[in-house]
Amino acid sequence: FSPLARIPGPKTFALTKFKLAYEDYKGTRTRKINALHHQYGPVVRIGPSEVTFNSTSAVRAIYGAGSGFERTGFYHMFEVYGRKNMFSFATTKQHGERKKLFAHAYAKSAMLKGQNAQMVEQKVKLYMDLLERDGGKSEIFSTLHYFSLDTITEFLYGSFGKTACLEGQRQDCALIGDIIDIARRKLSWYAVHFPHFTEWLYSRTGVTGCIAKRFYPMQMPTTYSGIRLHALKATQKYASASASAKASTSALISRLWSHHHSQKPNGLDDLDIASECADHLLAGIDTTSDTLMFLIWALSRPENRQFQDKLIEEVCNIPEDSLDSNAIPKVENSDKLSYLDAVIKETLRLYAPLPGSEPRSLPTATIIDGYTIPPGTVVSISPYALHRNPDVFKNPMKFNPDRWLDPCANLAEMKKWFWAFSSGGRMCIGMHLAMAEMTTLVAAIYRKYRTTPMGDFDTVSPGITGRYEVFYDDTCSRMREHECQIEFTPH
Ligand code: HEM
């Protein structure tokens, strides 16, 4: 008998991994896992060798510093140009060695002031200009992607690869076409559940290649090809620049370059650097822009007007000396606004842009929440389920930023269950950059505008692509993927 036999859960899931794979295929995995936790409790067996948890003790045991848990093969799909990077390294040692090369560049102190803060404020100004050019009517799924793409490309590559979507550069704007291609969900499903078959299928050439094409989950060019090519060209441009040109930027690529093998024995090669930067690029686009989209959409809904009013009041009280020369709130001051912080937390609670399971495994046996977990078992937790625990978040499906400021609420407990950026050694490294972008843009928008949904977006939820799923507001009966129409009216 496997020790996992003691763990509650549906018998069919314990018998075959294809039961969960079928949920993935239907795009219902995360919601199904949440429903299973409601039915069976905080520990549920969801596969012959897979268990999902929903408790803060399990968060500490699995993701806490020094837990020894490693990322599973699921993360292979984040390798770029055939090279591993911080996201896809399985072992703590490899991961730690890579992370220490640039972790300081992502520190909060590096985001609040200085060059990065000025860069973010400048992108916010460009976004405000775009809104004005568009007459206050905006399809914000796209325009917020332009904002996050322009910001992260400048942060990573400086002038060697920054995009200019907000200034209307068409070729750069076209890069988000990679993101809206819904076939990428199908390809992710094949790559995770049938990795060898998928690799074999795409490597066919000649006559078999022509036949294989008919069975491709996603036609060539596949997932993120345009963005990956852009990232590779930026790295090549940097690599071939003169030493003085290289020294002219403090972008992340220059920090990585100081560990290039031309600078240090056993250092990184060009492709290692290209893969690392491309991975941060991919991690920093949708996450930030999808959160901003849900935040603006949720505040725009008629039933949430009171929350928008409170936010407007707070940001209109930002003193003049906390604005930059373009009248954009400075990053360091936007960071201190408590109602804005509550609005962002509540958005990330209900609409975490990475809501699904974060799978890990340990090469040795262990005990979690009283159950023996054999070596190699895949264990995971999802922000989606943690954030919907009704014992912690009263009326969990309701968007209510006030809950984060309620003196009667158990705030310490709520903060423990808040897990949008993950936790431990492998938590999101880009959190402070994302927060700088979100606080400053939202403060600038609501200082000037009131927002309302356009068309049927008062009742239709916008939808975003998760790994194999579409996420939207569960309380809406209708959803439209990759679109959100909002009107910005000066107040
Ligand atoms: C609202 C915005 C964001 C959210 C909610 C978010 C969330 C997350 C989460 C949940 C993880 C862990 C994923 C897992 O283990 O499966 C993660 C990892 C990561 N994120 Fe973010 N992220 C955001 C923005 C960004 C930005 C702007 C960057 C820019 C570089 C970034 C870079 C990364 C990287 C490189 C990792 C891997 C960290 C590691 O393995 O040590 N993220 N993020």
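Helices are DSSP runs of H or I with at least four residues, strands are DSSP runs of E with at least two, and both are numbered from the N terminus. With that in hand, let us look around this predicted model, in which local features need pLDDT of at least 70, side-chain atom pairs count only at pLDDT 80 or more, and totals for chains, interfaces and linings use all residues. Residues are numbered from 1 along each chain as its sequence is written, and side-chain values use heavy atoms, with hydrogens and water left out.

**View 1. Ala 61 sits in helix α4, which covers residues 56-63.** Ala 61 has 30% relative accessibility, so it counts as partly exposed; here buried means under 20% relative accessible area, exposed over 50%, and partly exposed in between, using a 1.4 Å probe and protein chains only. Which residues does Ala 61 touch, not counting those up to four places away in sequence? They are Ser 67, Phe 69 and Ile 368, where contact means heavy atoms within 4.5 Å. Look also for Ile 367: Ala 61 and Ile 367 are 306 residues apart in sequence, and their C-alpha atoms are 8.8 Å apart in space.

**View 2. The whole protein chain has 24 helices and 13 strands.** Its radius of gyration is 23 Å, close to the 23 Å that the globule rule gives for 491 residues, so the chain is as compact as a globular protein of that length. That radius is taken over C-alpha atoms, and the rule is 2.2 Å times the number of residues to the power 0.38. The C-alpha trace of the protein chain spans about 70 × 60 × 45 Å along its principal axes. Of the 491 residues, 55% count as buried. Take the contacts between residues at least 6 apart in sequence: 73% of them join residues at least 24 apart.

**View 3. Cys 428 meets the iron atom of the ligand.** How many donors does the iron atom have from the protein? There is a single one, the SG atom of Cys 428, 2.3 Å away. Donors are N, O and S atoms within 2.8 Å of the metal (3.2 Å for Na, K and Ca), and water is not among the atoms, so sites may look incomplete. Cys 428 belongs to the loop between α23 and α24 (431-448).

**View 4. Phe 74 and Tyr 75 form one of 25 aromatic pairs in the structure.** Their ring centres are 5.1 Å apart and their planes stand at 90°, so this pair is edge-to-face. Rings of Phe, Tyr and Trp (its six-membered ring) pair if their centres lie within 6.5 Å; planes under 30 degrees apart count as stacked, over 60 as edge-to-face and the rest as tilted. Phe 74 and Tyr 75 are both buried.

**View 5. Phe 393 and Trp 404 make a tilted pair.** Why tilted? The ring planes of Phe 393 and Trp 404 are at 50°, with centres 6.0 Å apart, so the pair falls in that class. Both residues lie in the loop between α22 (383-386) and α23 (411-417), 11 residues apart. Phe 393 and Trp 404 are also both buried.

**View 6. A cluster of rings takes in Phe 18, Tyr 25, Trp 189, Tyr 190 and Phe 194.** Ring pairs link these residues. Thr 198, in helix α12 (residues 195-202), is in contact with Tyr 190 from this cluster, along with Leu 187 and Ala 191, leaving aside neighbours within four places in sequence. With 7% relative accessibility, Thr 198 counts as buried.

**View 7. Arg 71 and Lys 246 each lie over the face of a ring.** Arg 71 is over Phe 87, at 4.7 Å from the ring centre. Lys 246 is over Tyr 238, at 5.7 Å from the ring centre. A charge sits over a ring if NZ of Lys or CZ of Arg is within 6 Å of the ring centre and within 35 degrees of the ring normal.

**View 8. Asp 369 and His 482 have a positive phi although neither is a glycine.** Most residues other than glycine have a negative phi. For Asp 369, in the loop between β6 (366-368) and β7 (371-373), phi is about 50°. For His 482, in the loop between β12 (478-481) and β13 (485-490), phi is about 55°. Are these residues buried or partly exposed? Asp 369 is partly exposed at 30% relative accessibility, whereas His 482 counts as buried at 12%.
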